[in-house]
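Thanks for coming. I have one structure today, and I will talk about its charged side chains. Please have a look at it before I start.

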Amino acid sequence: QEIQKLQADIEALNSETQALSARASRARPEVKDTPIEIAIALDKSNSMAHEIDNLENAVLRLAQLLPLISEKVTISIVAYRNNSAGYDASAYFQRRWIRPYQDDGGASLNALRRFLQAQQAEAGAAPILEATQWALSTFSAAHPKKRQVLMVLGDVGPYETPRGGINMGAWGQTRARQFSALVSQWTRASPQQRKLILHFSGLDELNGWQRAKHRASRDLFQH
């Protein structure tokens with residue numbers, strides 16, 4: 001059953017990717033000159049151990065596809081996690097132009113592949129709010145001819161303390177509101193040019209011992 005749920009998660013992300021490419025392919029011929037910026041916040045805390053490889057593969061497929069649609073694709077990624085001491089142990093792929101293989105011999109795509117392959121799920125908290133703030137900071141200014149996509153991929157909302165404790169009280173609720181406001185305001189500021197993808201990967205944990213946290217996280221992602 002867990003495998004079926006995981007497959008459903010990955011299929012949902014792939015559907016988002018296919019929908020994005022379909023809209024681009026139906027656009028006017030000048031879409032080739034339309035810059036596409038992708039910023040990704042990817043949870044690499046231990047609870048993502050069963051999902052992270054498939055999500056990374058989906059991101060890589062996206063990076064292979066989009067340069068065929070637009071000649072100006074950039075991708076930035078934060079694979080986010082705090083260590084057991086509460087310090088940032090995230091990995092950062094700074095915004096980079098991902099070029100078609102024939103243009104740079106695969107150099108940019110291989111750099112992205114190496115980054116993704118180096119990411120492993122490990123114990124620690126998931127600082128989703130801070131990771132999303134960093135991802136948003138990598139976008140350039142909005143422009144009518146530019147498309148920007150923010151992807152947040154994880155299984156827990158901002159309910160974990162820096163050292164991995166759970167706080168569903170006022171502190172956690174405040175951070176949840178901050179997260180919602182952050183992504184909502186970014187999208188509403190330029191709704192025709194910006195796309196938000198929130199992908200919840202914790203369906204297999206909704207009935208586990210931390211079910212309150214994961215159910216609240218699911219609701220936050222779907223809000």
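I will go through the salt bridges first and then turn to a buried aspartate. Keep in mind that this is a predicted model.

The structure holds six salt bridges. I will discuss some of them.

Start with Lys146 and Glu37. Their salt bridge has its closest N and O atoms 3.8 Å apart. The two residues come from distant parts of the chain: Glu37 is in strand 1, while Lys146 sits in the loop between helix 5, residues 128-137, and strand 4, residues 147-154. In sequence they are 109 residues apart. Are these two partners buried or exposed? Lys146 has 14% relative accessibility, so it counts as buried. Glu37 is buried as well, with a relative accessible area of 5%.

Next, Arg81 and Glu122. Here the side chains meet in a salt bridge with an N to O distance of 3.9 Å. Arg81 belongs to the loop between strand 2 (73-80) and strand 3 (91-97), and Glu122 to the loop between helix 4 (107-117) and helix 5, so this pair ties together parts that are 41 residues apart in sequence. On accessibility, Arg81 is buried at 8% relative accessible area, whereas Glu122, at 38%, counts as partly exposed.

Then there is Arg218 with Asp219, a salt bridge of 3.3 Å, N to O. Arg218 is partly exposed at 24% relative accessibility, and Asp219 is partly exposed too, with a relative accessible area of 43%.

Some of these bridges share partners: Glu37, Arg95 and Lys146 are joined in that way into one network.

Now the aspartate. Asp43 is found in strand 1, which covers residues 36-43. Asp43 is buried, yet it has no salt bridge. Why does Arg81 not count as a salt-bridge partner for Asp43? Arg81 is the nearest side chain of opposite charge, but it is 7.9 Å away, and a salt bridge has to be within 4 Å, so the pair does not qualify. As we saw, Arg81 meets the side chain of Glu122 in a salt bridge.

What does the side chain of Asp43 have, then? A polar contact of 2.7 Å joins it to the side chain of Ser45. Leaving out residues up to four places away in sequence, Asp43 also touches Met48, Ile52, Tyr80, Ala126, Leu153, Gly154, Asp155 and Val156.

That is what I have. Any questions?

Definitions and conventions:
Residues numbered from 1 in each chain as written. Predicted model: local features only at pLDDT ≥ 70, side-chain atom pairs only at ≥ 80, totals over all residues. Heavy atoms only, no water. Helix = DSSP H or I, 4+ residues; strand = E, 2+ residues; numbered from the N terminus. Buried < 20%, exposed > 50% of the residue type's maximum accessible area, 1.4 Å probe, protein only. Lys, Arg positive; Asp, Glu negative; His and termini not counted. Polar contact = N/O pair within 3.5 Å; in protein donor to acceptor, adjacent residues only side chain to side chain. Contact = heavy atoms within 4.5 Å.
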